[in-house]
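These are my notes from a session with one model, kept in the order in which I looked things up. I began with strand pairing and then went on to cores, rings and a few single residues.

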Amino acid sequence: MDKDVERVLFSKGKIARRVAALGKEVARRYAGKDLVMVCILKGACVFFADLIRAAKLPAEIDFMSVSSYGAGSESSGSVRILKDVSAPVAGRHVLLVEDIIDTGNSLFALKKLFAERGAASVGICAFLDKKARRRAPVEADIYGFAVEDAFVVGYGLDYAERYRALPYIGVLKREIYEK
Ligand code: PRP
């Protein structure tokens, strides 16, 4: 275990088993549909790479990068787009893939955006769901694990751009982010 991690919440094996099930669920819901799977960078990149292979669908993949307006902001209705998708989405099914839903501000805004662009449907698949922190009225259609309100890192999730490559989800030691 990394020396900065206090405890492991979800091990590599537990993650692999859960992602295999999520892939099957995505495949079941979207079989025969024209699907675009959108990875919301950067945190979702590890989960996304596993999920698309577990789903085994002939879906188009694309990438998007957004920044929300910060934890103190009440403007939950919009996000700043840093990198947009290049795939056309009108009339197609879109599945937004996230590492975590926290306040829900980013996904609330993204769901609205893709609906305005004419997507046939906009689904959300999040690996982790931090329900206690929700502020925007949005829920994942498919999620991996509910997670407590702790500072979690690994499997794509960072603190100050570190720990993304850890193969498990762990809780960061308090002394790391409070120093
Ligand atoms: C994290 C995470 C989600 C978002 C969730 O991204 O990957 O995109 O925050 O928070 P919300 O539900 O409160 O909107 P972050 O901005 O840390 O960027 P990163 O994915 O590049 O690390």
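Which residue in β9 does R7 stand opposite? I looked this up before anything else, bearing in mind that the model is a predicted one, and found that R7 stands opposite V171.

**Entry: the sheet with β1**

I then followed the strands around that pair, and found that β1 and β9 run antiparallel and are joined by four bridges. The two belong to an open sheet of three strands, whose order is β1-β9-β8 and whose pairing is antiparallel. I noted β1 and β8 as the edge strands, since each of them pairs on one side only.

**Entry: β5 and its partners**

I turned next to β5, which I found to pair with β2 in the parallel sense over five bridges, and which is joined to β6, also in parallel, by eight bridges. H93 appears in both of my look-ups here: as a residue of β5 it is the bridge partner of L35, and it also stands opposite S121 in β6. When I checked how covered this strand is, I found that nine of its nine residues are buried.

**Entry: the nonpolar cores**

How many residues does the largest nonpolar core have? I found 30, and the residues with the most contacts inside it are F47, F127, L128, V152 and I169. Listing the elements that give two or more residues to this core, I wrote down β1, α1, β2, α2, β5, β6, β7 and β9, with α1 giving the most, namely five residues. A second core, separate from this one, has 24 residues, and I noted V66, L96, A109 and V122 among them. As background I kept in mind that, in soluble globular proteins, nonpolar side chains tend to be buried together.

I also looked up what surrounds F127, and found that, leaving out residues up to four places away in sequence, F127 touches I15, V19, L22, F47, E98, D99, Y143, G144, F145, Y155 and I169. I noted that this list includes two acidic residues, E98 and D99.

**Entry: aromatic rings**

A search of the whole structure gave me nine aromatic pairs, of which I followed up two. The rings of F47 and Y155 have centres 6.5 Å apart and planes at 55 degrees, so I recorded the pair as tilted. F47 lies in helix α2 and Y155 in the loop between β8 and β9, so this pair ties together parts that are 108 residues apart in sequence. Both F47 and Y155 are buried, and both belong to one aromatic cluster, which they form with F10, F127 and F145.

For the other pair, F151 and Y159, I read ring centres 5.2 Å apart and planes at 90 degrees, so this pair is edge-to-face. Here I found F151 to be partly exposed at 29% relative accessibility, and Y159 likewise partly exposed at 24%.

I also checked for charges over rings, and noted that the charged end of R117 sits over the ring of F114, at 5.3 Å from its centre.

**Entry: Y159**

Where does Y159 lie? I placed Y159 in the loop between β8 and β9, and its contacts, leaving aside neighbours within four places in sequence, are F151, V153, L172, I176 and Y177. I also took the C-alpha to C-alpha separation of Y159 and E25, which comes to 30 Å in space for 134 residues in sequence.

**Entry: D129 and T103**

Is D129, in strand β6, buried or exposed? I found D129 buried, with a relative accessible area of 0%. Its side chain makes a polar contact of 2.9 Å with the side chain of K131, and beyond four places in sequence D129 touches I101, R134, E139, Y143, F145, A146 and V147.

Last, I looked up T103, which lies in the loop between β5 and α3 and counts as buried at 15% relative accessibility, the cut-off for buried being under 20%. The side chain of T103 reaches the backbone nitrogen of N105 at 3.1 Å. Leaving aside neighbours within four places in sequence, I found T103 in contact with R133, R134, R135 and A136, and I noted that R134 is also touched by D129.

Methods: Residues are numbered from 1 along each chain as its sequence is written. This is a predicted model: local features need pLDDT of at least 70, side-chain atom pairs count only at pLDDT 80 or more; totals for chains, interfaces and linings use all residues. Side-chain values use heavy atoms; hydrogens and water are left out. A nonpolar core is a set of buried Ala, Val, Leu, Ile, Met, Phe, Trp, Tyr and Cys residues joined through side-chain atoms within 4.5 Å. Buried means under 20% relative accessible area, exposed over 50%, partly exposed in between (1.4 Å probe, protein chains only). Contact means heavy atoms within 4.5 Å. Rings of Phe, Tyr and Trp (its six-membered ring) pair if their centres lie within 6.5 Å; planes under 30 degrees apart count as stacked, over 60 as edge-to-face and the rest as tilted. A charge sits over a ring if NZ of Lys or CZ of Arg is within 6 Å of the ring centre and within 35 degrees of the ring normal. Two strands pair if DSSP finds at least two bridges between them. A polar contact is a pair of N or O atoms within 3.5 Å; within protein, one must be able to donate a hydrogen and the other to accept it, and residues adjacent in sequence count only if both atoms are side-chain atoms.
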